[in-house]
Amino acid sequence: MMRIGLVLAALFLLFSCVGTGVKEEVAAGSSIGEINTVSIVIDDQLWNSEVGDTLRKKWAAPVDGLPQEEPLFTLNQYPTKLFEGMVKKNRNIIVLRKGKKTAFKHQRNRYASPQQLFYITATSTEEMIKLVEQKSAEICNTIKTAEIVEQQKRILKAPVSDQLIQEKFKLKMALRTNYKYELVAPKFLWIRRELATGYNSLLLYEVPITHIEKNNAIVNNILHIRDSIGKKFIHGSVGKTWMVTEKAYSPYFLQTQIDNKLAYETKGTWQLKNDFMAGPFINYAIKDIKNNRYLILDGFTYNPSKAKRDLVFELEAMMKSVVFIP
């Protein structure tokens, strides 16, 4: 696991130091806060106005790919006069206030470390809403990236051995404590963590590059392969039940990178054919040209009637920790 730790440390250092116009401070002590939680420092009058509505629309928007609506971030609001003490130690803080000029500032590690701190100052309500609209995507992406790193750091404090993953797939990965190898087959692993009301699962397998890029139908090919794997390995407790991709809704699909390799991210909902079990999934197909393959990482959650955002985020953080062994 040493190499993953070094890579994450380097990533975090790079993330903390690079940026145009971002002021660095020497923080005192460690930051606090749950994953995907943001402190909004804003006076009640603005929070209860159109400004607050805009903030909630941008930073508490529903997460893509979940079967029930859950916010992108959990927002905790504090009036400006309460921005002191433990509030300043929170990991993600956005401060909004009226002033003599309209300005945006991003600071890292100002009062604690790691910490993302954003200041939005405007001369009027209209200008504040306009600035929020302009900067919301940047703020979301910055916090999301930092939260992935934070989640990976927490996982690496007490990781499960990835030795079997190294042997089968020539890569390293951070696995959270309490994950166990559910099924081991040639070129296939099912790793699972039991929950009080369900489970979190992670599948690893590989296919030739042509299987994903055939006829340039990448999304359909990924889903077809996913369904074939589900039929072969992921079965219910009764006969003739297996995992398939929910066809009623189009999956969310985007191109990204993992360990500096091209990767396709697919998010949607799975269900158990001929049964009533269902939940969200997140799938990464990583192109490994050296080994003429796509490595497939497929995470899925079953936690009926319970929150799933942070469980899927946990899977995403583990999958994005992948480091290929040369």
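Thr 37 lies in strand β2 (residues 37-41); helices (H or I, at least four residues) and strands (E, at least two) are DSSP runs, numbered from the N terminus. Residues are numbered from 1 along each chain as its sequence is written. The model is predicted, so that local features need pLDDT of at least 70 and side-chain atom pairs count only at pLDDT 80 or more, while totals for chains, interfaces and linings use all residues; side-chain values use heavy atoms, with hydrogens and water left out.

Thr 37 counts as buried because its relative accessibility is 16%, where buried means under 20% relative accessible area, exposed over 50%, and partly exposed in between (1.4 Å probe, protein chains only). Leaving aside residues up to four places away in sequence, Thr 37 touches Thr 74, Asn 76, Asn 92 and Glu 147; contact means heavy atoms within 4.5 Å.

Glu 147 also takes part in a helix contact, between α4 and α8. The axes of helix α4 (residues 125-155) and helix α8 (residues 309-319) come within 9 Å and cross at roughly 80°. Axes are lines fitted to C-alpha atoms, for helices over the stretch in contact, and angles run from 0 to 180 degrees between N-to-C directions. The crossing therefore makes α4 roughly perpendicular to α8; angles under 35 degrees count as roughly parallel, over 145 as roughly antiparallel, 65 to 115 as roughly perpendicular and the rest as oblique. On the α4 side the contributors include Lys 144, Ile 148 and Ile 155, and on the α8 side they include Phe 313, Glu 314 and Met 318.

Strand β13 (residues 261-272) is mostly covered, with nine of its twelve residues buried. Its pairings are listed below; two strands pair if DSSP finds at least two bridges between them.

| Partner of β13 | Sense | Bridges | Example of bridge partners |
|---|---|---|---|
| β11 (residues 243-245) | antiparallel | three bridges | Met 243 and Leu 272 |
| β12 (residues 252-258) | antiparallel | seven bridges | Thr 256 and Ala 263 |
| β14 (residues 278-288) | antiparallel | nine bridges | Thr 266 and Asn 283 |

Strands β12 and β13 form a hairpin with two residues between them, and Asp 259 in the turn has a positive phi of about 50°. A hairpin is also formed by β13 and β14, with five residues between them, and Asn 274 in that turn has a positive phi of about 65°.

The protein chain averages a pLDDT of 91, and 91% of the residues score at least 70; pLDDT is the predictor's confidence in each residue, from 0 to 100. Over residues 1-21, pLDDT stays under 50. Where pLDDT is low, the predicted coordinates should not be read in detail.
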